[in-house]
Amino acid sequence: TDFGFRKVNQTEKSSMVREVFDSVASKYDVMNDLMSLGIHRVWKKIFIQELAPRPNLTLLDLAGGTGDITFGWLKNGGGPAYLTDVNYSMLSVGQSRAFDKGYVKNINLFCVDGEKICLPDRSVDRVTISFGLRNCTNKDNVLAEARRVLKPGGRFLCLEFSKLIIPMLRPLYDAWSFQALPRIGQIIAKDGDSYQYLAESIRMFPDQETLKGMMENAGLERVTYQNLSGGIAAIHSGWRI
Ligand code: SAM
């Protein structure tokens, strides 16, 4: 099989991403558990701790999908949250989960493109994007938009796959993501291609230092990051001062 990266243009990428998430929406949560062996739950827990929810703060969760970050925020005492995503299929799974979990107060669901956020300047206290930036075509636009809608003193947090910093783990990680994942995707979700896309998009995503630089270029300040599981994922943080 040719696992080489195919160059795609911008329109192609957004419609491909749409198809991927339309296709995986109903199986998204179970696949996340399978593919990460449950580790994404631990990463998200650390992310929520870092986010430090407070009742007087508002959260905009970009590319929020089926709602994990928004629910973590609400469960830990956060204020009003906007659970947003560009994809209706993902958001509607999020909506059912919100009902099941009894989150009706303090939650609003909106279809929002992270590259063009339909909110006024300086309107929210926290902006999160978890495993979403990788899927956005123009990442610089997302970062600039996140900063624009943040109030001064507000914080942006991104959880995303990143670059492995332990070279010894590389062969294992490559075998898992390029061989096991598409097969699991094929068997469980009947969709190997989407999981092939996933593995490729992870490899093409900017590494820790590059993303830090992009956040600084977007005007975010005091940008820092922490590696999770040896750099398989990372949490980046920046403030609007
Ligand atoms: N945040 C959730 C989580 O951590 O489980 C969902 C992440 S899911 C891997 C990625 C999401 O990004 C999908 O729901 C997809 O629809 C969304 N997405 C892709 N491009 C987007 C864009 N331009 N604006 C907003 N969301 C986007």
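What follows is a walk through the fold, the strands at its centre, the nonpolar cores, two unusual backbone angles and the ligand shell of a predicted model.

Local features are taken only where pLDDT is at least 70 and side-chain atom pairs only at pLDDT 80 or more, while totals for chains, interfaces and linings use all residues. Numbering runs from 1 along each chain as its sequence is written.

The protein chain has nine helices and seven strands; these are DSSP runs numbered from the N terminus, with helices being H or I of at least four residues and strands being E of at least two. Its radius of gyration comes out at 17 Å, close to the 18 Å that the globule rule gives for 241 residues, so the chain is as compact as a globular protein of that length. Here the radius is taken over C-alpha atoms, and the rule is 2.2 Å times the number of residues to the power 0.38. Along the principal axes, the C-alpha atoms fill a box of roughly 50 × 40 × 35 Å. Of the 241 residues, 39% count as buried, a label that calls for 20 or more other C-beta atoms within 10 Å of a residue's own (exposed: 12 or fewer; partly exposed: in between; C-beta atoms placed from the backbone). Among contacts with a separation of 6 or more, 66% join residues 24 or more positions apart, a contact being two C-beta atoms, placed from the backbone, within 7 Å.

Strand E4 (124–130) makes a good way into the interior. Six of its seven residues are buried, so E4 is largely enclosed by the rest of the structure. E4 pairs with E1 in the parallel sense over four bridges, and Leu62 has Ile129 of E4 as its bridge partner. The pairing of E4 with E5 is parallel too, over six bridges, with Val127 partnered by Phe156 in E5. Pairing here needs at least two DSSP bridges between the strands. Helix H6 (139–149) has buried residues that include Val142, Leu143 and Ala146, but also Lys139, Glu145 and Arg147; E1, E4, E5 and helix H9 (208–217) are among the elements covering them.

The largest nonpolar core has 46 residues, of which Phe47 and Val127 touch the most other members. Such a core is a set of buried Ala, Val, Leu, Ile, Met, Phe, Trp, Tyr and Cys residues joined through C-beta atoms within 7 Å. Strand E5 (residues 150–161) gives the most to this core, with six residues. Beyond four places in sequence, Phe47 is in contact with Ile69, Ser130, Leu157, Leu159 and Ile235. Another core, of 14 residues, lies apart from it and includes Val17, Phe21, Val24 and Leu91.

Most residues other than glycine have a negative phi. Ala52 has a positive one, near 45 degrees, in the loop between helix H3 (39–51) and strand E1 (59–62); with 14 other C-beta atoms within 10 Å, Ala52 is partly exposed. Phe131 also has a positive phi, about 50 degrees, and sits in the loop between E4 and H6. With 23 C-beta neighbours inside 10 Å, Phe131 is buried.

As for the ligand, 20 residues surround it, and Ala63, Gly65, Asn87, Gly114 and Ser130 come nearest; a residue counts as near if its C-beta atom, placed from the backbone, lies within 6 Å. Helix H1 (10–24) and helix H4 (68–75) are the elements that give two or more residues to this shell. By class, the shell has nine nonpolar, seven polar and four charged residues, where Ala, Val, Leu, Ile, Met, Phe, Trp, Tyr, Cys and Pro are nonpolar, Asp, Glu, Lys and Arg charged, and the others, Gly among them, polar.
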